[in-house]
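Here's a quick tour for anyone opening this entry for the very first time. Have a look around, then read on.

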Amino acid sequence: MSEAIIRIDNVHKSYLMGKEAVPALRGVSIDVQPGEMVCLMGPSGSGKTTLLNIVGGLDDPSRGHVTIAGHDIVAMSEEKLARLRLERIGFVFQTFNLLNNFTALENVEAPMVLLRKLGRKERRERTLELLAAVGLADRVEHYPSELSGGQQQRVAIARALANDPDILIGDEMTGDLDSQTGFEIMSLVRGLNQREGKTVVYVTHDPRMADYADYTVHMLDGKIVAKEADPVQALTAG
Ligand SMILES: Nc1ncnc2c1ncn2[C@@H]1O[C@H](COP(=O)(O)OP(=O)(O)O)[C@@H](O)[C@H]1O
Ligand SMILES: [Mg+2]
């Protein structure tokens, strides 16, 4: 068996509310293998966003270990962690979080500008390729306000892919979209997982969106309560 790309080991997280510690995660452990697509489900407040933020290095656990591709990200310096996030992890959010004064092209280019690996011309080429890959070749000069929700989410996905990360993290990425558009976004993400081997961890409330995953992890009150393979996949496998 290969080395897990994401290793979450007995992670606890409490938020301080005044003087009281509110537990959000209470001993969560998951290993995700490279190329897996994992769905997290659970009621509101069960700790899904907290867990994604910790996996993505946006928040610290109160206790426990998180390893990304063999790197302990809890012990890591802020600077190294920022670099790891920029290079290896792409985030997609429910409300797209695009920069409204930037065109689609400028939004997708932004993470490459920050990483400073590519020159201007290569950056531009890669940006156009990414926008074409998500079906927006004819929308590159549009601003977010000139795009539909589904199109904005496609820009956000292209942006998440800008620095060719091995991990994609999605928090309710179809939550603001109608079902049909949601399915299209999930097919796009599943394609990136299957064709390019991206490891995907995503949260959804919608069981129909969970069907795109290899397996679903169910959370309740800050704990994992069940893990199940998608039954259709299990039947067709082998
Ligand atoms: N920044 C915060 N400050 C205080 N409590 C928080 C914060 N973020 C989340 N929580 C609490 O942690 C718990 C888990 O929240 P969250 O991870 O957002 O759950 P989910 O994404 O499953 O809805 C909830 O009880 C929530 O109120
Ligand atoms: Mg949430």
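## The four-stranded sheet

Let's start with a pair of strands: E1 runs antiparallel to strand E4 (residues 63–68), and 5 bridges link the two. Want one spot to find on screen? Look for arginine 7, whose bridge partner in E4 is threonine 67. Keep in mind as you look that this is a predicted model.

That pair belongs to an open sheet of 4 strands, laid out in the order E2-E1-E4-E5 with antiparallel pairing. At its edges sit strand E2 (20–32) and strand E5 (71–72), each of which pairs on one side only. H1 packs on this sheet, where it touches E1, E2 and E4. The direction of H1 makes about 120° with that of E1.

## The six-stranded sheet

There's another open sheet to find, with 6 strands in the order E6-E7-E8-E3-E9-E10, and its pairing is mixed. Which strands are at the edges? They are strand E6 (89–93) and strand E10 (223–229), each pairing on one side only. From one strand to the next, the twist averages 15°.

Over at the E10 end, strand E9 (residues 215–220) and E10 run antiparallel and are joined by 6 bridges. Here you can spot methionine 219 standing opposite isoleucine 224 in E10.

Helices lie across this sheet too. Helix H2 (residues 78–88) crosses E6 and strand E7 (167–171), running at about 75° to E6. Helix H6 (residues 179–196) lies across strand E3 (37–41), E7 and strand E8 (199–203), and runs at about 140° to E3.

## Around the ligand

Now zoom in on ligand 1. Its surroundings include Tyr15, Met17, Ala24 and Pro43, along with Ser44, Gly45 and others up to Thr50. By type, the shell around ligand 1 splits into 4 nonpolar residues, 6 polar and 1 charged. H1 gives the largest share of that shell, with 3 residues.

What about specific contacts? An oxygen atom of ligand 1 lies 2.8 Å from an N or O atom in the side chain of lysine 48. The backbone joins in as well: a polar backbone atom of glycine 47 is 3.0 Å from an oxygen atom of the ligand, and one of serine 46 is 3.2 Å from a ligand oxygen.

How much of ligand 1 does the protein bury? On its own the ligand exposes 560 Å², and the protein buries 63% of that. Two elements give two or more residues to the shell: strand E1 (6–17) and helix H1 (48–55).

How values were computed
Residues are numbered from 1 along each chain as its sequence is written. Chains are lettered from A and ligands numbered from 1 in the order in which they are written. This is a predicted model: local features need pLDDT of at least 70, side-chain atom pairs count only at pLDDT 80 or more; totals for chains, interfaces and linings use all residues. Side-chain values use heavy atoms; hydrogens and water are left out. A residue is near a molecule or strand if one of its heavy atoms lies within 4 Å of it. A polar contact is a pair of N or O atoms within 3.5 Å; within protein, one must be able to donate a hydrogen and the other to accept it, and residues adjacent in sequence count only if both atoms are side-chain atoms. Accessible areas come from the Shrake-Rupley method with a 1.4 Å probe; for residues, only the protein chains shown count as cover. Ala, Val, Leu, Ile, Met, Phe, Trp, Tyr, Cys and Pro count as nonpolar, Asp, Glu, Lys and Arg as charged, and the others, Gly among them, as polar. Two strands pair if DSSP finds at least two bridges between them. Contact means heavy atoms within 4.5 Å. Axes are lines fitted to C-alpha atoms, for helices over the stretch in contact, and angles run from 0 to 180 degrees between N-to-C directions.
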